[in-house]
Amino acid sequence: MKEKISLDLKKSTNSKRWKYVILGIILMMLLGTVYSYSVFRLAVQNYFEVDFTSSGLPYMASLAFYSLFMFVTGRFIDRFHPRNIMIFGSLLVALGWILSAFAPNIYVLTLTYGVISGAGVGIAYGVPMTVVARWFPEKKGFAVGLVLVGFGLSPLITAPLAKTIVELVGLTRAFLILGAGFAVFLPVLSYFFEYPELEASSQIKEEGKSVKVSGYTTKEMLKDKSFKGLYINFIIGTTIGLMLVGMTTSIGVEYVGLTATKVTMLMTIFAIFNGMGRPTFGWLTDRLSPRKAMLLSYILIISAALVMVLFGESNLIVYIIGFAIFWFNLGGWLAIAPASTMNMYGTGHYSQNYGLVFTAYGIGAVTGVITSGMLIDAHGNYKLLFYYIIALCLIGIFSTINFIKTKKCIGI
């Protein structure tokens with residue numbers, strides 16, 4: 001009888017935990033609308049009559065506050081029910097989009113779309129990852145990577161949808177409609193999230209056999225040499241990825257000579273690659289090592305940047321290949337970073353540790369948007385942008401070789 005009960009528990013637990021992966025993917029897809037900002041950027045530039053750098057301020061602020069509030073939430077994530085945290089974050093996201101409809105200038109839009117909505121994404125974002133990591137302790141990197149597929153695939157649906165709404169009703173009403181949609185769907189999806197109960201948690205750990213929940217505290221992690229490498233590399237990876245995602249439309253129109261509509265259609269392809277990058281690099285980080293996964297990413301980015309410099313101007317095929325690789329690797333870094341944090345520092349303090357690591361994402365967002373905007377405004381030469389990317393990758397390779405350990409840390 002005991003064996004039958006144990007078998008039933010095992011089946012129900014295994015079935016139940018996959019529910020969180022599916023819900024997480026859908027929720028992340030809605031939160032990932034921030035990656036569709038490229039669709040809004042030209043409309044924002046024209047509506048508010050601002051230059052290229054200024055039109056990127058809302059995007060930059062949303063990513064920066066997203067990373068900041070993920071760090072803040074990580075420090076309190078164990079004190080509250082995941083459902084409550086996610087609903088609060090969801091309502092902030094919706095509020096930010098709705099208020100953006102009434103923004104009179106680019107600076108108010110930066111506050112509403114950037115600060116308020118970005119903070120909401122940061123509050124909600126880390127919870128599905130933490131929930132899924134606890135339900136899948138034996139394959140954390142892969143499971144978290146699957147959830148993050150939703151964030152990467154978001155432009156597949158949200159970019160064409162947003163562009164259509166903007167064309168039909170205008171920029172401000174588009175913000176209002178999308179905000180109202182978020183206010184309905186995000187809290188509903190958030191309602192179902194919970195951590196495993198003690199009995200189910202024991203069953204999951206038993207299936208994982210060698211899985212332990214010990215690890216480094218945040219203070220211990222800060223003293224470790226590899227943390228410097230992880231943090232620097234995450235800044236570089238996100239600097240490159242986020243600035244290129246935000247400039248996908250601009251480069252497609254002005255460097256390659258495509259129409260904005262054509263670029264929006266291509267973004268569905270790029271979104272698929274972005275989504276695929278997350279489980280792929282999550283698996284590679286688990287299977288090989290954080291070091292090898294990072295080096296592979298840099299090699300791919302350098303290859304794509306070189307191809308864009310040499311053959312990308314007015315070349316549709318090269319543009320598709322190059323930006324598929326760029327989007328794939330941004331997704332990759334958003335799996336390398338959490339998987340490396342678990343791999344090197346354990347799961348016992350993962351929420352706090354990854355919250356700190358994720359602040360590098362905010363730095364990357366600010367650095368990428370400002371430096372790329374200044375470069376294009378000053379020179380109007382996209383080839384310089386790709387040379388800049390290659391230089392960043394070489395710094396990243398140096399950092400990886402000199403700081404990242406080749407083996408898992410002890411006590412994971």
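# A tour of aromatic pairs, charges and helices

The structure holds 34 aromatic pairs, where rings of Phe, Tyr and Trp (its six-membered ring) pair if their centres lie within 6.5 Å, planes under 30 degrees apart counting as stacked, over 60 as edge-to-face and the rest as tilted. This is a predicted model, in which local features need pLDDT of at least 70 and side-chain atom pairs count only at pLDDT 80 or more, while totals for chains, interfaces and linings use all residues. Residues are numbered from 1 along each chain as its sequence is written, and side-chain values use heavy atoms, with hydrogens and water left out.

Select Trp 18 and Phe 136 to begin: their rings form an edge-to-face pair, 4.8 Å centre to centre with 70° between the planes. This pair links distant parts of the chain, 118 residues apart, with Trp 18 in helix α1 (residues 2-31) and Phe 136 in the loop between α6 (106-135) and α7 (140-169); helices (H or I, at least four residues) are DSSP runs, numbered from the N terminus. Phe 136 counts as buried because its relative accessibility is 0%, whereas Trp 18, at 30%, counts as partly exposed; buried means under 20% relative accessible area, exposed over 50% and partly exposed in between (1.4 Å probe, protein chains only).

Go next to Tyr 191 and Phe 192, another edge-to-face pair, with 5.7 Å between centres and 90° between planes. Tyr 191 is partly exposed at 47% relative accessibility, and Phe 192 is partly exposed at 40%. Add Arg 83 to the selection, and its charged end appears over the ring of Tyr 191, 4.5 Å from the centre; a charge sits over a ring if NZ of Lys or CZ of Arg is within 6 Å of the ring centre and within 35 degrees of the ring normal. The charged end of Arg 134 likewise sits over the ring of Tyr 195, 4.3 Å from its centre.

Now select helix α8 (residues 171-190), whose end C-alpha atoms are 28 Å apart, in agreement with the 28 Å that its 20 residues should span at 1.5 Å a residue, the expected span being 1.5 Å times one less than the number of residues. At Phe 182, α8 bends by about 25°, the bend being the angle between axes fitted to the seven residues ending there and the seven starting there. Phe 182 is also one of the buried residues of α8, which include Phe 175, Leu 178 and Leu 186.

For the one salt bridge of the structure, select Lys 163 and Glu 167, whose side chains meet at 2.1 Å, N to O; the criterion is a side-chain nitrogen of Lys or Arg within 4 Å of a carboxyl oxygen of Asp or Glu. Both residues lie in helix α7, four residues apart, about one turn of the helix. Lys 163 counts as buried at 12% relative accessibility, while Glu 167 counts as exposed at 55%.

Finish at helix α17 (residues 359-379), which has 21 residues and reaches 30 Å from its first C-alpha to its last, close to the 30 Å expected. Its buried residues include Gly 364, Gly 368, Ser 372 and Ile 376, and what covers the buried residues of α17 includes α4 (57-74), α11 (225-246) and α18 (382-403). Just after α17, select Gly 380, whose phi is positive, near 60°.

Key:
Helix = DSSP H or I, 4+ residues; strand = E, 2+ residues; numbered from the N terminus. Contact = heavy atoms within 4.5 Å.
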